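The following exercises concern a predicted model. Each task is followed by a solution in steps.

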Amino acid sequence: MKNILIFFTASVFLFTNCGKESEPVAPNEITYGKNRFTLSIDGDTREYYVHVPAGYDGNTALPVVFMLHGTSGDGEEFYGKSGWKEVGEKENILTVFPSSWRYCIIDPQDGPKNTTKWNTTPDAEWVFCQGEKPRDDTKFLRNALNALMSTYKVDGKRVYLAGFSNGGQMAAKCAIEMNDVLAAVVESAGSFVLDTIYMPNRKIPVTYQIGNDDWGAGNEGPDLPLSQFDTLLNAPTFRFFRIKERHINHFGLNPEFTISGDTTKVVIANFQSATNTPNNVFHFVLIKNMQHIYPNGINHPLNAAELNWNWFKQFSIP
């Protein structure tokens, strides 16, 4: 039986610059390239890395992209290997790489283990070990955005968020809980888990992308044929069906979809709003010859940061 969970955003006291340009930091105070920042959130020191492109002058408001790492990773790791700092440099974007928290968790396959995780519970396939204190990652990300806007000149209408694996699951959570401050979200190889209906008060554009050989970290399975994508999406016992249905239900989408793309590279299932709500779209992307990775042009021919940015930049908060 499905539960209906209604999320009310806390934008009144957590984020006061939505849709506004922040004041610039003095040019002589700008540190270009890699910057590490920390915040105190509920007594914990949380970190995030920011790449400031050479084109930032402190006068022009820049868009922002948050990139969330996966299980066992951290912000510095994805600063180095996701490809986003390079795209940020080229396209004049502030790119942000937060770190999650380290917990003892119980994984359904591996059992108890200590690792970094974004707190996506209760919509998760794992649980915390007894005695663990779950951190409020939505609060952390909102505060990081607030701090960013007090430090740099940011276009508050063009803030985007992408995540990989467990970070993709957190991106899905942010599409529900941070839709007041995000213009669009990309979930990569991770998304909603539970058969639950969320009711976001703003339905934002979402892309979910996954490889046709992605069976989860460390798992192997057959290469899924891109030519059978529509069949896979409509097979109730297959995981793609669950992901598709969750987005249709959460974001009020028309269940009918169209397929575009090239079956030798990438195919895309395109979903539109059931009520003609502007920019209420969902793209389900299947990528050929890709396992459980965020493609950066080196570990796979596709550069997801470039492709995701080309999709992100068409959207802004009204």
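**Exercise 1. State how the lining of the largest pocket divides into nonpolar, polar and charged residues, and locate this lining in the chain.**

Solution.
Step 1. Sorted by class, the lining of the largest pocket comprises 14 nonpolar, 18 polar and 10 charged residues.
Step 2. The lining has 42 residues, and those nearest the centre of the pocket are Glu 125, Ser 165, Gly 216, Ala 217 and His 292.
Step 3. Two or more lining residues come from each of helix H2 (75-81), strand E7 (111-117), helix H5 (166-177), strand E12 (206-211) and helix H7 (239-251).
Step 4. H7 gives the largest share, 4 residues.
Step 5. The space in this largest pocket is about 1000 Å³.

**Exercise 2. Describe the second largest pocket by volume, lining and residue class.**

Solution.
Step 1. The volume of the second largest pocket is about 270 Å³.
Step 2. It is lined by 14 residues, with Gln 209, Ile 268, Val 285, Leu 307 and Asn 308 closest to its centre.
Step 3. At least two lining residues are supplied by each of E12, strand E14 (266-273), strand E15 (282-287) and helix H8 (304-312).
Step 4. H8 provides the largest share of this lining, 5 residues.
Step 5. The lining of the second largest pocket holds 9 nonpolar and 5 polar residues, but no charged residues.

**Exercise 3. Determine why the protein chain is judged as compact as a globular protein of its length.**

Solution.
Step 1. The protein chain contains 8 helices and 15 strands.
Step 2. Its radius of gyration is 19 Å, whereas the globule rule gives 20 Å for 318 residues; the two values are close, so the chain is as compact as a globular protein of that length.
Step 3. The C-alpha trace spans about 55 × 45 × 40 Å along the principal axes.
Step 4. Buried residues make up 55% of the 318 in the chain.
Step 5. Of the contacts between residues at least 6 apart in sequence, 64% join residues at least 24 apart.
Step 6. The accessible surface of the chain is about 13700 Å², and carbon and sulfur atoms account for 51% of this surface.

**Exercise 4. Classify Thr 95 as buried or exposed, and list its contacts beyond four places in sequence.**

Solution.
Step 1. Thr 95 is part of strand E5 (residues 94-98).
Step 2. The cut-off for buried is under 20% relative accessible area.
Step 3. The relative accessibility of Thr 95 is 0%, so Thr 95 counts as buried.
Step 4. Beyond its neighbours within four places in sequence, Thr 95 contacts Tyr 49, Val 50, His 51, Val 65, Trp 84, Lys 85 and Gly 88.

**Exercise 5. Assign Asp 137 and Asp 57 to their classes of accessibility, and give a C-alpha separation for each.**

Solution.
Step 1. Asp 137 lies in helix H4 (residues 137-151), while Asp 57 belongs to the loop between strand E3 (44-52) and strand E4 (62-68).
Step 2. Asp 137 has a relative accessible area of 2% and is therefore buried.
Step 3. Asp 57 has a relative accessible area of 33% and is therefore partly exposed.
Step 4. Leaving aside neighbours within four places in sequence, Asp 137 is in contact with Arg 46, Lys 117, Trp 118, Asn 119 and Met 170.
Step 5. The C-alpha atoms of Asp 137 and Lys 117 are 9.9 Å apart, and the two residues are 20 residues apart in sequence.
Step 6. For Asp 57 and Lys 153, 96 residues apart along the chain, the C-alpha separation is 9.0 Å.

Key. Residues numbered from 1 in each chain as written. Predicted model: local features only at pLDDT ≥ 70, side-chain atom pairs only at ≥ 80, totals over all residues. Heavy atoms only, no water. 1 Å grid on protein atoms, 1.4 Å probe; cavity = no way out; pocket = protein on both sides within 12 Å on 5 of 7 lines; lining within 4 Å. Points joined across faces, edges and corners; volume = space filled by probe spheres on them. Nonpolar A, V, L, I, M, F, W, Y, C, P; charged D, E, K, R; others polar. Rg over C-alpha atoms; globule rule 2.2 N^0.38 Å. Buried < 20%, exposed > 50% of the residue type's maximum accessible area, 1.4 Å probe, protein only. Contact = heavy atoms within 4.5 Å. Areas by Shrake-Rupley, 256 points an atom, 1.4 Å probe, with all protein chains shown as cover.
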